[in-house]
Amino acid sequence: MTTYDTLGATYARTRRPDPRIAAQIHAALGDAADVINVGAGTGSYEPPRTVLAVEPSQVMITQRPPGAAPAVRAVAERLPVRDHAADAAMALLTIHHWTDPEAGIRELRRAARRRVLVLTWDQQVFRERFWLVREYLPEAAAFDDTRAVPTDRLLDLLGGGRVETVGIPHDCVDGFGAAYWRRPHAYLDPHVRAGISMLAQPGDDVLAPGLSRLAADLADGSWHARHAGLLTLDTIDVGYRLLVADH
Ligand SMILES: C[S@@+](CC[C@H](N)C(=O)[O-])C[C@H]1O[C@@H](n2cnc3c(N)ncnc32)[C@H](O)[C@@H]1O
């Protein structure tokens, strides 16, 4: 059993690729002729030229759509591929789950002929800018502190690269941590929380006091009064970053 064999049971329900984020990822892949997706989950954001998905959880593999790239059950830290197996290797919203990110990044660089993409988030920015963890669920932020890999560290491991900000649209289709920044009621829905590991892994007991405060603030209008400015925005930057490294 892997973590996502329990955590991922309903993943495909709330975690579908957002088309605007997909466009950014696909642009960053450039003219790569073939792509390996590591920590691939249910296959979100895989371009048609994906030749292999690497994923440790059978529950996640089972939710891949018909016609998706072939998936192998394995971990990033030991990719079952030869050196330079594809033009590009990508790892999207997954490295915080790896037991050894350093080994995993080394493997991504070994597998890719030309380009490595990593979608992650800057935990410091996330903590400061995302109202949910700043004002209601510091326990979720503390959990993320234990596993988030700093962007600078990742860039070092990647041997340098460029960093793109990934703005999160107000109607983001992919229900990850900050996706519902302008739809606060969503965080009160256990189905939504089940698809967000920073909320699912600490557990409802830990988060209950913060969630109750959020429910009360939504009911009496104080959330909306405090966050009126947010309601006028279409996209925000709460720290999600796409790292693009060539070699
Ligand atoms: C939040 S999901 C992201 C899935 C997909 N990349 C996406 O963007 O929807 C994280 C995935 O990383 C996988 N994972 C966990 N540990 C891993 C490891 N050591 N190597 C590769 N993948 C891992 C999980 O099983 C899960 O499918």
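Thirteen helices and nine strands: that is the secondary structure of this protein. The radius of gyration is 18 Å, close to the 18 Å that the globule rule gives for 247 residues, so the protein is as compact as a globular protein of that length. Keep in mind that this is a predicted model.

A few more overall values. Along the principal axes, the C-alpha atoms fill a box of roughly 60 × 35 × 30 Å. Of the 247 residues, 42% are buried. Now the contacts. Take those between residues at least 6 apart in sequence: 69% of them join residues at least 24 apart.

One item from a record. An unreviewed UniProt entry carries the annotation "domain: Methyltransferase type" over residues 38–114. In the model, that span is 21% helix and 23% strand. Its end C-alpha atoms lie 16 Å apart.

Next, the ligand. Which residues come nearest to it? They are Tyr4, Gly39, Gly41, Ala76 and His97, out of 23 residues around the ligand. By character, the shell divides into 11 nonpolar, nine polar and three charged residues.

Let's go through three helices. Start with α3, residues 19–29. Its buried residues are Ile21, Ile25 and Leu29. Why do they sit on the same side of α3? Because they cover an arc of only 80° around the axis. Look at the other side of α3 and you find Pro19, Ala23 and Ala27, which are exposed. What do the buried residues pack against? Four strands: β1 at 35–38, β4 at 86–92, β5 at 112–121 and β9 at 240–246. Just after the helix comes Gly30, with a positive phi of about 60°.

Second helix: α5, residues 101–111. Here the buried list is Pro101, Gly104, Ile105, Glu107, Leu108 and Ala111. Seen down the axis, they fall within an arc of 160°, so they line one face of α5. Note that Glu107 is on that buried list. The cover over these residues includes β1, β4, β5 and α9. You have met three of those already: β1, β4 and β5 also pack against the buried residues of α3.

Third helix: α8, residues 138–145. Ala140, Phe143 and Asp144 are buried here. Their arc is 95° when you look down the axis, so they too line one face of the helix. This time the cover includes helices: α6 at 123–129, α7 at 131–136, α11 at 197–200 and α12 at 204–219.

Back to α9, which helps cover α5. Helix α9 runs over residues 151–158, and Leu158 belongs to it. Is Leu158 buried or exposed? Leu158 counts as buried, because it has 20 C-beta neighbours inside 10 Å. The cut-off for buried is 20 or more, so Leu158 sits right on it. Leaving out residues up to four places away in sequence, Leu158 touches Ile105, Val116, Leu243 and Ala245. Ile105 is one of the buried residues of α5. For distance, try Leu158 and Leu7. They are 151 residues apart along the chain, and their C-alpha atoms are separated by 29 Å.

Now the loops, and some backbone angles. Most residues other than glycine have a negative phi. Two residues here are worth a look on that score. Tyr45 has a positive phi, near 70°. Tyr45 is in the loop between β1 and β2, with β2 at 50–54. That loop residue counts as buried, because Tyr45 has 23 C-beta neighbours inside 10 Å.

His84 is the other residue to look at. Its phi is also positive, near 50°. You will find His84 in the loop between β3, at 71–72, and β4. Where Tyr45 is buried, His84 is exposed, with 12 other C-beta atoms within 10 Å.

Last stop: Arg183. Which elements flank its loop? They are β7 at 168–169 and α10 at 190–194. Arg183 has 14 C-beta neighbours inside 10 Å, so it counts as partly exposed. Its C-alpha atom is separated from that of His170 by 7.7 Å, with the two residues 13 apart along the chain.

Key: Residues numbered from 1 in each chain as written. Predicted model: local features only at pLDDT ≥ 70, side-chain atom pairs only at ≥ 80, totals over all residues. Helix = DSSP H or I, 4+ residues; strand = E, 2+ residues; numbered from the N terminus. Arc of directions from axis to C-beta. Contact = placed C-beta atoms within 7 Å. Near = placed C-beta within 6 Å. Nonpolar A, V, L, I, M, F, W, Y, C, P; charged D, E, K, R; others polar. UniProt positions renumbered as here; feature names shortened; annotations may be inferred. Rg over C-alpha atoms; globule rule 2.2 N^0.38 Å.
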